[in-house]
Amino acid sequence: MYHKNTRDAFDKGVVFFSDIEIESDKKEWYEHPACKGVFLKDLVTGKDTDGKFSYHLVRVQKNCEVTDHDHETQWEFNRIIGGKGVFLMGDKEVVLAPGQTFVTPPGIHHTVSAYDDELSLLAVFVPALA
């Protein structure tokens with residue numbers, strides 16, 4: 001139950017800046033355009049940060065994946081907030097569980113897969129995704 005509440009807390013929480021507050025529950029989920037069963041919620045966009053970073057909630061439905069890809073210029077920081085899965089980066093495979101963080105440098109191919117439960121994570125991109 002702890003992990004579900006953690007996911008819900010981020011889904012309904014608030015992102016605070018010095019001059020604005022972004023309410024997560026007012027942001028819409030949308031399906032990833034290239035990955036079936038992967039849903040995104042853009043909490044902070046490049047518009048909010050002058051392109052310096054973006055901050056997203058990601059849900060990977062059970063037995064689905066964010067297929068092999070890379071980001072040409074972005075560092076990607078991910079924190080697992082619910083579920084279990086696997087992270088592939090090159091020939092390295094890491095089993096994912098809540099509380100873990102993984103970092104992917106620009107230009108490095110990687111894949112994120114969910115097991116038999118939905119995998120939820122926070123993803124920060126520096127600089128922001130376009």
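Where is the place of Asp 50 in the chain? It sits in the loop between α2 and β5, and we'll come back to Asp 50 in one of the views below. Keep in mind throughout that this is a predicted model.

**View 1. The whole chain, with its two helices and twelve strands.**
Start by getting your bearings. Walk along the sequence and you meet the elements in the pattern α-β-β-β-β-α-β-β-β-β-β-β-β-β. The radius of gyration is 14 Å, close to the 14 Å that the globule rule gives for 130 residues, so the chain is as compact as a globular protein of that length. If you drew a box around the C-alpha atoms along the principal axes, it would be roughly 45 × 35 × 25 Å. Buried residues make up 40% of the 130 residues. Now take the contacts with a separation of 6 or more: 60% of them link residues 24 or more positions apart.

**View 2. The outside of the chain, with an accessible surface of about 7,500 Å².**
Carbon and sulfur atoms account for 55% of that surface. As for charges, the chain has 14 positive and 21 negative ones. Take the mean position of each set, and you'll find the two points 5 Å apart.

**View 3. An open sheet of six strands.**
Which order do the strands follow here? Reading across the sheet, you get β3-β4-β5-β12-β7-β10, and the pairing is antiparallel. At the edges stand β3 (30-31) and β10 (101-104), each with a single partner strand, so one side of each is left without a neighbour in the sheet. Now zoom in on β4 (residues 38-44) and β5 (residues 54-60): six bridges join this antiparallel pair. One bridge to look for goes from Leu 40 to its partner in β5, Val 58.

**View 4. Helix α2 (residues 46-49), home of Gly 46 and Thr 49.**
Is Gly 46 buried or exposed? Buried means under 20% relative accessible area, and Gly 46 has 17%, so it counts as buried. Thr 49 is buried too, with a relative accessible area of 9%. Who do they touch? Setting aside neighbours within four places in sequence, Gly 46 is in contact with Gly 51, Phe 53, Ser 54 and Ala 128. With residues up to four places away left out again, Thr 49 touches Phe 17 and Val 44. For a sense of scale, find Glu 72, which is 26 residues from Gly 46 along the chain: the C-alpha atoms of Gly 46 and Glu 72 are separated by 16 Å.

**View 5. Two loop residues, Asp 50 and Asn 63, with positive phi.**
Most residues other than glycine have a negative phi. Here are two that go the other way. Asp 50, in the loop between α2 and β5, has a phi near 55°. Asn 63, in the loop between β5 and β6 (65-69), has a phi near 60°. Both are out in the open: Asp 50 is exposed, with a relative accessible area of 70%, and Asn 63 counts as exposed at 59%.

**View 6. The hairpin formed by β8 and β9.**
How many bridges join strand β8 to strand β9? Count five of them between β8 (residues 85-89) and β9 (residues 92-96), which run antiparallel. Val 86 is one residue to pick out, and its bridge partner in β9 is Val 95. Two residues lie between the strands, and Gly 90 in the turn has a positive phi of about 60°.

**View 7. Thr 73 and its contact with Pro 127.**
Thr 73 is found in the loop between β6 and β7 (75-82). With 48% relative accessibility, Thr 73 counts as partly exposed. Leave aside the neighbours within four places in sequence, and Thr 73 is in contact with Pro 106, Val 126 and Pro 127. Pro 105 is worth finding as well: it is 32 residues from Thr 73 along the chain, and their C-alpha atoms are separated by 8.5 Å. Finally, look at the peptide bond from Val 126 to Pro 127. Most peptide bonds are trans. This bond is cis, with omega near -10°. Pro 127 itself belongs to the segment after β12 (119-126).

Conventions:
Residues are numbered from 1 along each chain as its sequence is written. This is a predicted model: local features need pLDDT of at least 70, side-chain atom pairs count only at pLDDT 80 or more; totals for chains, interfaces and linings use all residues. Side-chain values use heavy atoms; hydrogens and water are left out. Helices (H or I, at least four residues) and strands (E, at least two) are DSSP runs, numbered from the N terminus. The radius of gyration is taken over C-alpha atoms; the globule rule is 2.2 Å times the number of residues to the power 0.38. Buried means under 20% relative accessible area, exposed over 50%, partly exposed in between (1.4 Å probe, protein chains only). Contact means heavy atoms within 4.5 Å. Accessible areas come from the Shrake-Rupley method with a 1.4 Å probe; for residues, only the protein chains shown count as cover. Lys and Arg count as positive and Asp and Glu as negative; His and the chain ends are not counted. The place of a charge is taken as NZ of Lys, CZ of Arg, CG of Asp or CD of Glu. Two strands pair if DSSP finds at least two bridges between them.
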